[in-house]
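Trainee: Hi! Could you walk me through a structure today? I'd like to ask things as they come up.

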Amino acid sequence: ALPPTLTALDVRGWADGRLGVGIGARLQRGALPALETLVLRHCTDVLDEGWGEALCRALRRNQSVRTLDLLGNLLEDNLSVWVAAVLRDNRTLTSVELSNTDMADSGALALADALKHNSTLTWLSAGENRLSRKAKEKLRSAWSDSGREYDALQL
């Protein structure tokens with residue numbers, strides 16, 4: 001069991017989708033009220049279609065997680081859009097790592113749209129993905145139009 005006082009959860013290389021659902025369920029019911037940092041790097045199957053959506057649904061309304069690190073997970077198109085929905089609705093996240101997630105243009109465009117509705121995110125990394133120059137330009141434009149520091153966006 002995870003203690004409610006846990007402030008950081010760093011799970012790297014996990015290959016069981018139940019982890020995403022378990023963390024999502026705990027976040028949704030407020031069982032991890034102190035959790036500020038969630039690192040799920042290279043967690044195959046944790047962020048697949050069903051498990052990833054459950055985690056994203058929980059993060060959309062979460063009010064404690066400030067740092068989300070999904071580096072190295074295969075988000076693909078549909079899940080990239082779910083992550084963008086998290087950024088659109090969440091008012092707590094300040095730092096998000098999405099590098100090397102196989103994100104394509106549809107995910108980047110959804111992120112660009114989400115940035116218009118989010119004023120709390122101050123750092124975003126989405127490098128090493130399948131983004132066209134046009135998608136990167138849209139992200140950069142949305143980032144700078146919102147008054148964020150240029151260097152805090154890493155593509």
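Trainee: Let's start with alanine 34. Which residues does alanine 34 touch, not counting residues up to four places away in sequence?
Mentor: Leaving those neighbours out, alanine 34 touches Pro4, Thr5, Leu6 and Thr7. Keep in mind that this is a predicted model.

Trainee: Okay, and where is alanine 34 placed?
Mentor: Alanine 34 sits in the loop between α1 and β2. Take threonine 7 as a partner: alanine 34 is 27 residues away from threonine 7 in sequence, yet their C-alpha atoms are 5.1 Å apart in space.

Trainee: Is alanine 34 buried, exposed or partly exposed?
Mentor: Alanine 34 counts as partly exposed, because its relative accessibility is 26% and that class lies between the 20% and 50% cut-offs.

Trainee: Let me zoom out. How many helices and strands does the chain have?
Mentor: There are five helices and six strands. If you read along the sequence, the pattern is β-α-β-α-β-α-β-α-β-α-β.

Trainee: Nice rhythm! What does the chain span along its principal axes?
Mentor: The C-alpha trace spans about 45 × 25 × 20 Å. The radius of gyration is 14 Å, which agrees with the value near 15 Å for a compact globule of 155 residues.

Trainee: And how much of the chain counts as buried?
Mentor: Of the 155 residues, 50% count as buried. The accessible surface comes to about 7,500 Å², and 48% of that belongs to carbon and sulfur atoms.

Trainee: What share of the contacts comes from residues 24 or more positions apart?
Mentor: Such pairs account for 83% of the contacts with a separation of 6 or more.

Trainee: Now the inside. Which residues of the largest nonpolar core touch the most other members?
Mentor: That core has 45 residues, and Ile23, Leu27, Leu38, Leu40, Val96 and Leu98 touch the most other members. The elements giving two or more residues to this core are α1 (18-28), α2 (49-61), α3, α4 and α5. As a general rule, nonpolar side chains tend to be buried together in soluble globular proteins.

Trainee: Tell me about α4. Which of its residues are buried?
Mentor: Helix α4 covers residues 105-115, and Gly107, Ala108, Ala110, Leu111, Ala112, Ala114 and Leu115 are buried there. The buried residues of α4 pack against α3 (76-89) and α5 (133-145).

Trainee: Speaking of α5, what does lysine 138 touch?
Mentor: Lysine 138 is found in helix α5. Setting aside residues up to four places away in sequence, lysine 138 touches Leu109 and Ala112. Lysine 138 is partly exposed, with a relative accessible area of 44%.

Trainee: How far apart in space are lysine 138 and aspartate 113?
Mentor: Their C-alpha atoms are 8.9 Å apart, with their positions 25 residues apart in sequence.

Trainee: Switching to loops: what is phi of asparagine 100?
Mentor: Phi of asparagine 100 is about 55°, a positive value although the residue is not a glycine. Most residues other than glycine have a negative phi. Asparagine 100 is in the loop between β4 (95-97) and α4, and is partly exposed at 40% relative accessible area.

Trainee: What about aspartate 102, what is its phi near?
Mentor: Aspartate 102 has a positive phi near 65°, and again the residue is not glycine. Aspartate 102 lies in the loop between β4 and α4, where it is partly exposed with a relative accessible area of 26%.

Trainee: Back to contacts. Where does arginine 41 lie, and what does arginine 41 touch?
Mentor: Arginine 41 lies in the loop between β2 (37-39) and α2. Not counting residues up to four places away in sequence, the residues that arginine 41 touches are Val11, Arg12, Gly13, Asp69, Leu71, Asn73 and Glu97. Asparagine 73 is 32 residues away along the chain, and the C-alpha atoms of this pair are separated by 6.5 Å.

Trainee: Last one: is asparagine 62 buried or exposed?
Mentor: Asparagine 62 counts as buried, because its relative accessibility is 8% and the cut-off is under 20%. Asparagine 62 lies in the loop between α2 and β3 (67-69). Leaving aside neighbours within four places in sequence, asparagine 62 is in contact with Leu27, Asn90 and Thr92. You may remember Leu27 from the list of core residues that touch the most other members.

Note on methods. Residues are numbered from 1 along each chain as its sequence is written. This is a predicted model: local features need pLDDT of at least 70, side-chain atom pairs count only at pLDDT 80 or more; totals for chains, interfaces and linings use all residues. Side-chain values use heavy atoms; hydrogens and water are left out. Helices (H or I, at least four residues) and strands (E, at least two) are DSSP runs, numbered from the N terminus. The radius of gyration is taken over C-alpha atoms; the globule rule is 2.2 Å times the number of residues to the power 0.38. Buried means under 20% relative accessible area, exposed over 50%, partly exposed in between (1.4 Å probe, protein chains only). Contact means heavy atoms within 4.5 Å. Accessible areas come from the Shrake-Rupley method with a 1.4 Å probe; for residues, only the protein chains shown count as cover. A nonpolar core is a set of buried Ala, Val, Leu, Ile, Met, Phe, Trp, Tyr and Cys residues joined through side-chain atoms within 4.5 Å.
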